[in-house]
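These are my notebook entries from a first reading of this structure. I wrote down what I looked up, one topic at a time.

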Amino acid sequence: MEKLKEKANIIYCGLFIYLVATAFVNQDVYAFTVRFASLIIFAVLFVLSFPYLGDDIRNKDADLILTVLTVIFSVVFVFVTGSGYGAALIPSHLALICYMQKHIRLGFRDIMVISFAGAVPVILWYSHVRWSYNFNMAGFAFMIMAFFAMILTEYAGGAAESRCGKPETGESVGAVGAASSVGTDKGKSRRKLSADCVLAEWRGYFELIIFITAFILSMLYHSRTVMFGMVMFMVSYLVLRVMLTRTGGTDILREPRRTGGGRVVFNILFLAASAGAVLFTGLYVLLSDRLGNITLLYKDIFSGRQGIWRELWGAFAQSPLTGIGSAYELKSFEIFEVHNGMFDILAVHGIIVFMLVLVLLWRMFGRVYISLCG
């Protein structure tokens with residue numbers, strides 16, 4: 001078991017590289033990967049959990065209990081709703097990810113490997129337009145690659161700064177938000193002129209260029225959902241960056257027990273990204289009914305999802321505890337596709353499984369919040 005613990009990070013990085021490579025390199029390979037991805041993720045993480053199960057069972061670990069309950073209810077509801085057996089894997093592997101998050105600790109090298117693997121496929125996309133992917137998938141690919149490229153730049157810039165030396169005048173060097181916060185010319189001149197110093201000094205601008213490029217590419221692919229997602233990411237990112245880099249904001253985030261502000265911000269962002277994604281589907285339906293068709297990038301903003309979500313909300317209202325199941329036949333679309341991950345879990349698996357997953361996600365991101373802000 002100790003050897004498995006030692007190799008956990010390598011296995012995890014290997015799993016990530018496999019998923020990225022097979023998803024974004026070739027459409028035919030992607031079709032295979034997407035079919036078995038949930039099973040592969042669940043199997044790998046389940047094996048990696050073996051060294052920790054004994055202690056967590058004895059300690060009655062809350063995340064383990066929530067994960068087991070999620071798997072049990074998912075399997076039971078699969079039989080109740082007549083779903084395919086694989087449907088239970090979606091919430092189950094997500095729950096297992098949340099549980100294993102506190103056991104798999106990624107080091108600097110691991111993060112660099114993962115972020116590089118996530119960013120490098122963009123070279124293939126630049127060199128050859130991959131029309132076999134639909135526009136939404138293409139936009140998603142550029143968004144994911146941009147995020148990992150920004151992470152790679154941020155971590156590489158941090159390492160470069162340690163080699164180059166920090167500014168002597170207290171200038172702030174950070175990510176996108178730091179692009180507008182620079183030190184004096186005198187401080188800059190005292191830093192060594194090298195590739196490390198250039199990356200450390202300008203990494204905020206590099207990240208901004210990466211983001212803008214990906215956003216323009218998503219516009220060219222008419223991927224409006226990705227465009228909206230990137231805008232929301234940037235808004236959230238800048239809010240957190242400003243709070244972390246300014247003295248008052250740092251106090252709010254790092255001393256939540258004194259001010260309470262940091263925890264409030266965290267909870268708002270989490271609920272907006274999780275439960276808010278479900279509420280968005282209802283709002284989308286209401287707006288489409290009131291506003292009708294509005295054109296953006298030569299396409300209607302309300303281009304079919306309102307019919308799917310309206311139908312799914314109606315079906316879900318008939319069986320909210322167990323969900324409608326994956327065998328449900330949509331009348332508003334030719335295939336069963338929810339187009340919203342959180343709403344998929346709620347509608348297909350029911351409110352019990354949804355709440356279990358929501359709590360697990362909240363606990364996982366709460367641990368990340370505490371590790372960053374103390």
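I began with helix H15 and listed its buried residues (under 20% relative accessible area with a 1.4 Å probe and protein chains only; over 50% is exposed, and in between is partly exposed): they are Gly276, Ala277, Val278, Thr281, Tyr284, Val285 and Ser288. I keep in mind that an α-helix has 3.6 residues a turn, so residues three or four places apart point the same way. The helices and strands I use are DSSP runs (H or I of at least four residues for a helix, E of at least two for a strand), numbered from the N terminus.

I noted early that this is a predicted model, in which local features need pLDDT of at least 70 and side-chain atom pairs count only at pLDDT 80 or more, while totals for chains, interfaces and linings use all residues. Residues are numbered from 1 along each chain as its sequence is written, and side-chain values use heavy atoms, with hydrogens and water left out.

Next I checked the length of H15, taking the expected span as 1.5 Å times one less than the number of residues. The 17 residues of H15 (residues 275-291) should span 24 Å, and because the end C-alpha atoms are 24 Å apart, the two values agree. Helix H16 (residues 305-318), with 14 residues, reaches 20 Å from its first C-alpha to its last, close to the 20 Å expected. The buried residues that I found in H16 are Arg305, Gln306, Ile308, Trp309, Glu311, Leu312, Ala315 and Phe316.

**Whole chain**

I counted 17 helices and two strands in the protein chain, and buried residues make up 43% of its 374 residues. Taking contact as heavy atoms within 4.5 Å, I found that, among contacts between residues at least 6 apart in sequence, 71% join residues at least 24 apart.

**Nonpolar cores**

Which residues have the most contacts inside the largest nonpolar core? A core here is a set of buried Ala, Val, Leu, Ile, Met, Phe, Trp, Tyr and Cys residues joined through side-chain atoms within 4.5 Å. The largest one has 30 residues, and those with the most contacts inside it are Trp309, Leu312, Met342, Phe343, Phe354 and Leu361. H4, helix H5 (89-100), H15, H16 and H17 each supply at least two residues of this core, and its largest share, 13 residues, comes from H17. Leaving aside neighbours within four places in sequence, I see Leu361 in contact with Leu94, Cys98, Phe270 and Met342. Apart from this core lies another, of 21 residues, among them Phe24, Val122, Ala141 and Phe142.

**Cavity and pocket**

I then looked for empty space on a 1 Å grid over the protein atoms alone, where a cavity is a set of points at which a 1.4 Å probe fits but cannot get out, a pocket is an open set with protein on both sides within 12 Å along at least five of seven lines, and lining residues have an atom within 4 Å of a point. The search of the whole structure finds two cavities of 30 Å³ or more. The second largest cavity is lined by Ser74, Phe77, Val78, Thr81, Ser83, Thr322, Gly325, Val348 and His349, and four of its lining residues, the largest share, come from H4.

The second largest pocket is lined by 14 residues, of which Ala119, Val122, Tyr126, Ala149 and Ile210 lie nearest its centre. The elements that give two or more residues to this lining are helix H6 (108-119), helix H7 (122-127), helix H8 (135-164) and helix H10 (195-220), with the largest share, five residues, coming from H8.

**Single residues**

Is Asp63 buried or exposed? Asp63 lies in helix H4 and counts as buried because its relative accessibility is 1%. Not counting residues up to four places away in sequence, Asp63 touches Tyr99, Lys102, Leu360, Arg363 and Arg367.

Met219 lies in helix H10 and is partly exposed, with a relative accessible area of 32%. I found Met219 and Phe135 to be 84 residues apart in sequence and 9.9 Å apart in space, C-alpha to C-alpha.

Most residues other than glycine have a negative phi. Lys60, however, has a positive phi near 50 degrees; Lys60 is in the loop between helix H3 (50-58) and H4 and is exposed, with a relative accessible area of 67%. His339 also has a positive phi, of about 65 degrees, and sits in the loop between H16 and H17, where I recorded it as partly exposed at 32% relative accessibility.

Note on methods. Points joined across faces, edges and corners; volume = space filled by probe spheres on them.
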